[in-house]
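Work through the exercises below with the sequence and the model at hand. Each task is followed by a solution in steps.

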Amino acid sequence: MATPPITIHAPTPSGARPVTVHVNSRDERLGLAHSDHDLIVFLADAGLADPERILDNPAVV
């Protein structure tokens, strides 16, 4: 199975989850997500269409 291009990492001590996207053979940090809304914003900013539905797609996230 290929590594998903977007990874939501384990929570930090503050409870936020780092989010990265795999582009050009490296991981770029999108930010720290504190909620699903934050994830949707990061996915939209990364140029993904319909980010609300992408959250449930393990091929992407």
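At 38% relative accessibility, A46 counts as partly exposed, where buried means under 20% relative accessible area, exposed over 50%, and partly exposed in between (1.4 Å probe, protein chains only). The model is predicted, so local features need pLDDT of at least 70 and side-chain atom pairs count only at pLDDT 80 or more, while totals for chains, interfaces and linings use all residues. Residues are numbered from 1 along each chain as its sequence is written, and side-chain values use heavy atoms, with hydrogens and water left out.

**Exercise 1. Locate A46 and describe its surroundings along the chain.**

Step 1. A46 lies in the loop between α1 and α2. Helices (H or I, at least four residues) and strands (E, at least two) are DSSP runs, numbered from the N terminus.

Step 2. Helix α1 is followed by G47, which has a positive phi, near 90°.

Step 3. Now take a pair of C-alpha atoms: those of A46 and L30 are separated by 8.0 Å, although the two residues are 16 residues apart along the chain.

**Exercise 2. Work out the strand order of the sheet and name its edges.**

Step 1. The sheet is open and has 3 strands, in the order β1-β2-β3, with antiparallel pairing. Two strands pair if DSSP finds at least two bridges between them.

Step 2. β1 (6-8) and β3 (26-33) are the edge strands, as each pairs on one side only.

Step 3. On average, neighbouring strands of this sheet are turned by 20° against each other, direction ignored. Axes are lines fitted to C-alpha atoms, for helices over the stretch in contact, and angles run from 0 to 180 degrees between N-to-C directions.

**Exercise 3. Find the bridge partners across the sheet and describe what links the strands.**

Step 1. β1 pairs with β2 (residues 17-23) over 3 bridges. I6 stands opposite V21 in β2, and the bridge partner of I8 in β2 is V19.

Step 2. β2 and β3 pair over 7 bridges. On this side V21 stands opposite E28 in β3.

Step 3. β2 and β3 form a hairpin with 2 residues between them, and N24 in the turn has a positive phi of about 55°.

Step 4. The loop between β1 and β2 holds P11, a partly exposed residue with a relative accessible area of 44%. The C-alpha atoms of P11 and N24 are separated by 25 Å.

**Exercise 4. Which residues of α1 are buried, and which are exposed on its other side?**

Step 1. The buried residues are L39, I40, F42 and L43. They cover an arc of only 165° around the axis, which puts them on the same side of α1; the arc is that of the directions from the helix axis to the C-beta atoms.

Step 2. H37 and D45 are exposed on the other side of α1.

Step 3. A general rule helps here: an α-helix has 3.6 residues a turn, so residues three or four places apart point the same way.

Step 4. Look next at the cover. The buried residues of α1 are covered by elements including β1, β2, β3 and α2 (51-54).

Step 5. Helix α1 (residues 36-45) packs on the sheet and touches β1, β2 and β3, where contact means heavy atoms within 4.5 Å. Its direction makes about 145° with that of β3.

**Exercise 5. List the residues of the largest nonpolar core and the elements that supply them.**

Step 1. This core has 9 residues: I6, V19, V21, A33, L39, F42, L43, I54 and V60. A nonpolar core is a set of buried Ala, Val, Leu, Ile, Met, Phe, Trp, Tyr and Cys residues joined through side-chain atoms within 4.5 Å.

Step 2. β2 and α1 are the elements that give two or more residues to the core. The most comes from α1, with 3 residues.

Step 3. Take I6 as an example: among the residues that I6 touches are V19, V21, L43 and V60, not counting residues up to four places away in sequence.

**Exercise 6. How many salt bridges does a search of the whole structure find?**

Step 1. The search finds 2 salt bridges. A salt bridge is a side-chain nitrogen of Lys or Arg within 4 Å of a carboxyl oxygen of Asp or Glu.

Step 2. One joins the side chains of E28 and R26 (3.3 Å, N to O). E28 is partly exposed, at 31%.

Step 3. Another joins the side chains of R53 and D50 (3.3 Å, N to O). R53 is exposed at 65% relative accessibility, and D50 is partly exposed at 40%.
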